Amino acid sequence: MSKNYRPSLQIVVYETSQIIFEGLQTILYQSELDCRVYHADTLDHLKVTLENKPVNILITSYMMFLNLEKEIKKIRRSHPLLSIVGIDAGFIQKQSFQLFDTTFALYDSSEQIIHSLIKLDEKNQCLSSKKSEEDNLTDREIEVLTCLVNGQTNKEIADFLNISIHTVISHRKNITLKTGIRSQSGLTIYAISKKIIEIDDFLPDNLT
Amino acid sequence: MFHTVKTSVKPYMKLSDLIDDNPLLLLMLQHFNIDFRVIDLTVSQLCLEYKISDNLFISIANLYNGFGTKENETFSKTDLLQVIDFLENTHVYYRSDKYPQIRNYITQLQQNHPAKELKLIEKFFDEYFNEVIEHLDYEDKVAFPYFITLLKKQKGKSDYVPYSSNDYNDHHTDIELKLQDLKNLLLKYVKIDGDLDLRRRLFFALYELEFDLYIHSQIEETILIPSGICIENEQEL
């Protein structure tokens, strides 16, 4: 599976057992998943990690949230795109399964564990499919980009292309999402590198 | 950021071992004005020698080691004054070390390669650098003096300039985003033939800068600003 297809996964493991964490980390890093793994061993630490890192998957066990089911709900509320995976240590009660998006058992093989995470990830891909198209601007986006690096405002672009300002803004968002470049001057350099525009139009005399 | 084994710093750990695990801690020592010859000192011994509280030192060291600041951690006024010193030292590092170094690499690169994009990269960097200087000036001249007055003041109504932590965050985000743009342009788009030594040095410098800027804003957002707000609230009572 190519890296372009799968954006990197940010996984946090909330688990007090060092053995389980390190084992899981090894399995994840040795797999085909393009991922980054963080460890949280207290609830506070978990919350800080979720605040500061772009985490998409939380792996934890029911025991970590024993009598703290409310906390899972709180986490879901503040991080709606986060998927939560439960580790089934063999004595899990049925009703606890519904707390998690998916589960795997402690005794599963590494292939089974990775498989369950890939399936979960594929589901999430649909939500952010734009990100994986990367760097393939549509003709319309190229038009907007050209206007943009020519210094036109959103309003001017909207009038020029006969579209609404709202549409211009949404094109701009997609351009940034696809190229990874936000600033106007950065986009100018991008457009020149991609030969969308001619460089000589953008070099002031004192630079040539 | 680019190390995967993380050590949570404890008072009894030896500095030399910690630096071995994460050499970026040297940057932290420098910002604290601590000499690199740490002999066999443990964290608490070193803190005692340099009159820094264990709590403060460990909180910042853990940021460098990739952890977040613990919630509800409280810092004394002395701690916070030292935090400001620390941040001022990071400013010196940006101004007189990191940015000139990066600027220098970009100039060399531009001289070695005729690609006109590189002139634009140079211009991009200069514009970005000016924004950074503006932000550093703002912190040095407005934000930090405000905090210092707040920390040294006795109880009672205050007469300081109203100051908002949102100003802070806007600036930071902008600085981080432009740096991200620069990295993406060099990693994905601008074509340069060869010159890998110079380009690697440039990348390393950019990543070092990014790392320290990130820690810098973490310190402000998770230590300085929350503590400042607490003190303000106390004083209003």
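How many residues of chain A are in contact with residues of chain B? In this predicted model, 21 residues of chain A are in contact with 20 residues of chain B. On the side of chain A that touches chain B, helix 2 (43-52) and helix 9 each supply at least two residues. Helix 9 of chain A gives the most to this side, with seven residues. By residue class, the side of chain A that touches chain B divides into nine nonpolar, nine polar and three charged residues.

Helix 9 of chain A also takes part in the packing of helix 6 (residues 139-149) of chain A. The buried residues of helix 6 of chain A are A:Val144, A:Leu145, A:Leu148 and A:Val149. These residues lie on the same side of helix 6 of chain A, because they cover an arc of only 125° around the axis. Their packing partners are helix 7 (154-161), helix 8 (165-179) and helix 9 (184-193) of chain A. Helix 6 of chain A is followed by A:Gly151, which has a positive phi, near 85°.

One of the buried residues of helix 6 of chain A, A:Leu145, recurs in the largest nonpolar core, which holds 33 residues. Together with A:Leu187, A:Ile189, B:Ile106, B:Ile121, B:Phe124 and B:Leu185, A:Leu145 touches the most other members of this core. Two or more residues each come from helix 6, helix 8 and helix 9 of chain A, and likewise from helix 5 (77-112), helix 6 (117-152) and helix 7 (165-189) of chain B. Helix 6 of chain B gives the most to this core, with eight residues. When residues up to four places away in sequence are not counted, B:Ile121 touches A:Ile189 of chain A, as well as B:Ile106, B:Leu185 and B:Val190 of chain B. A second, separate core comprises 28 residues, including A:Tyr38, A:Ala40, A:Ile59 and A:Met64. In soluble globular proteins, nonpolar side chains tend to be buried together.

Pairing of strands was also examined in chain A. Strand 1 (residues 9-14) and strand 2 (residues 35-40) of chain A pair in the parallel sense over six bridges. Within this pairing, A:Leu9 has A:Cys35 of strand 2 of chain A as its bridge partner. Between strand 1 and strand 2 of chain A, the chain passes through helix 1 (residues 18-30) of chain A, forming a right-handed β-α-β crossover.

Terms used:
Residues are numbered from 1 along each chain as its sequence is written. Chains are lettered from A and ligands numbered from 1 in the order in which they are written. This is a predicted model: local features need pLDDT of at least 70, side-chain atom pairs count only at pLDDT 80 or more; totals for chains, interfaces and linings use all residues. Two strands pair if DSSP finds at least two bridges between them. Helices (H or I, at least four residues) and strands (E, at least two) are DSSP runs, numbered from the N terminus. A crossover is right-handed if, with the strands pointing away from the viewer, the path from the first strand over the helix to the second runs clockwise. A residue is buried if 20 or more other C-beta atoms lie within 10 Å of its own, exposed if 12 or fewer, and partly exposed in between; C-beta atoms are placed from the backbone. The arc is that of the directions from the helix axis to the C-beta atoms. Two residues are in contact if their C-beta atoms, placed from the backbone, lie within 7 Å. Ala, Val, Leu, Ile, Met, Phe, Trp, Tyr, Cys and Pro count as nonpolar, Asp, Glu, Lys and Arg as charged, and the others, Gly among them, as polar. A nonpolar core is a set of buried Ala, Val, Leu, Ile, Met, Phe, Trp, Tyr and Cys residues joined through C-beta atoms within 7 Å.
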